[in-house]
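Open the model in your viewer and keep the selection tool ready. This tour goes stop by stop, from a pair of helices to a group of strands and then to single residues.

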Amino acid sequence: MLRRLALLTAAPALLLIGSPARAGVPAPPLPPGAPVTAVAPAELMSEVITMTNQQRHANGCGQLAVDPELTVASIQQSLYMARTGQFSHVWQDGTTFVARSHEAGYAEPSGENIAWGYRTATEVMDAWMASPGHRENILNCDAHSIGTGVAYGPTGLPYYTQVFGYE
């Protein structure tokens, strides 16, 4: 099964793009013929936020507040990837997470993590925490807010997005 991770970080007056998408930590394969049970996107989104805040607490950072504008930007990104099959921070029209966050009403986004193909929140969080750039976004103690998005693609695999902000 394929899975991918990618990150994008905003720095003052500069957009830094992390390493290109790469395979994440493999999960044990499902037995042949085993049913795949989809978890509701809202449940996965909530689990990712909880686990993100647990990681931040364990590493000396404050808890992130859920921001509705960052949530809108995250859901838009997950829906776009699921609909188009494009695994990228930048849409075909050039739209970035910074532009999506601004359009949703959020002024200071700090970074974005994306992933696809991980069946559980634990799998995606383990992969993000094992990746230095994703881990850096999660453990950026200057960030104060988070939005998450999850959408299922036509193959039934989830597309995940985290957007972090300074406000």
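A crossing of two helices is called left-handed if the near helix is turned anticlockwise from the far one by less than a right angle, and right-handed if it is turned clockwise. Keep that in mind for the second stop. Note also that this is a predicted model.

**Stop 1: the whole chain**

Show the protein chain as a cartoon. It holds 5 helices and 6 strands. Follow the chain from the N terminus, and the elements run β-β-α-β-α-α-β-α-α-β-β. Now colour by burial. Of the 167 residues, 46% are buried. Contacts come next. Among those with a separation of 6 or more, 71% join residues 24 or more positions apart.

**Stop 2: helices α2 and α3**

Two packed helices are described by the angle between their axes and the distance between the axes. Select residues 68-84, which form helix α2, and residues 97-104, which form helix α3. Their axes come within 8 Å and cross at roughly 130 degrees. That angle makes α2 oblique to α3. Which hand does the crossing have? α2 passes α3 in a right-handed crossing.

Now show side chains at the contact. From α2, pick Glu 69, Leu 70, Val 72, Ala 73, Gln 76 and Gln 77. From α3, pick Arg 100, Ser 101 and Ala 104. The residues of this contact divide into 4 nonpolar, 3 polar and 2 charged.

**Stop 3: strand β6**

Select residues 158-165, strand β6. How many of its residues are buried? The count is 8 of 8. In a regular strand the side chains alternate between the two faces of the sheet. Check each side of β6 in turn. One side carries Pro 158, Tyr 160, Gln 162 and Phe 164, and the other carries Tyr 159, Thr 161, Val 163 and Gly 165. Both faces are covered, and these residues are all buried.

**Stop 4: the partners of β6**

Add residues 109-116, strand β4. β4 and β6 pair in the antiparallel sense over 7 bridges. To find one bridge, select Ala 115; its partner in β6 is Tyr 160.

Next add residues 145-152, strand β5. β5 and β6 also pair in the antiparallel sense, over 8 bridges. Look for Ser 145, which stands opposite Gly 165 in β6. β5 and β6 form a hairpin with 5 residues between them. In the turn, select Gly 156, which has a positive phi of about 90 degrees.

**Stop 5: Ile 146**

Stay in β5 and select Ile 146. Is Ile 146 buried or exposed? With a relative accessible area of 1%, Ile 146 is buried, because buried means under 20%.

Show its neighbours, leaving out residues up to four places away in sequence. Ile 146 touches several residues, including Leu 64, Ala 65, Val 66, Asp 67, Leu 70 and Thr 71. From β6, look for Gln 162, Val 163 and Phe 164 among its contacts. Now draw a distance to Glu 69. The C-alpha atoms of Ile 146 and Glu 69 are 9.2 Å apart in space, with the two residues 77 apart in sequence.

**Stop 6: Ile 49**

Ile 49 is also touched by Ile 146. Ile 49 lies in helix α1, residues 41-58. Ile 49 is buried, with a relative accessible area of 13%. Beyond residues up to four places away in sequence, Ile 49 touches Val 66, Ile 146 and Thr 148. For a last distance, select Ala 121. Ile 49 and Ala 121 are 72 residues apart in sequence and 9.3 Å apart in space, C-alpha to C-alpha.

Note on methods. Residues numbered from 1 in each chain as written. Predicted model: local features only at pLDDT ≥ 70, side-chain atom pairs only at ≥ 80, totals over all residues. Heavy atoms only, no water. Axes fitted to C-alpha atoms, helices over the stretch in contact; angles between N-to-C directions. Helix = DSSP H or I, 4+ residues; strand = E, 2+ residues; numbered from the N terminus. Parallel < 35°, antiparallel > 145°, perpendicular 65-115°, else oblique. Contact = heavy atoms within 4.5 Å. Nonpolar A, V, L, I, M, F, W, Y, C, P; charged D, E, K, R; others polar. Buried < 20%, exposed > 50% of the residue type's maximum accessible area, 1.4 Å probe, protein only. Pairing = 2+ DSSP bridges.
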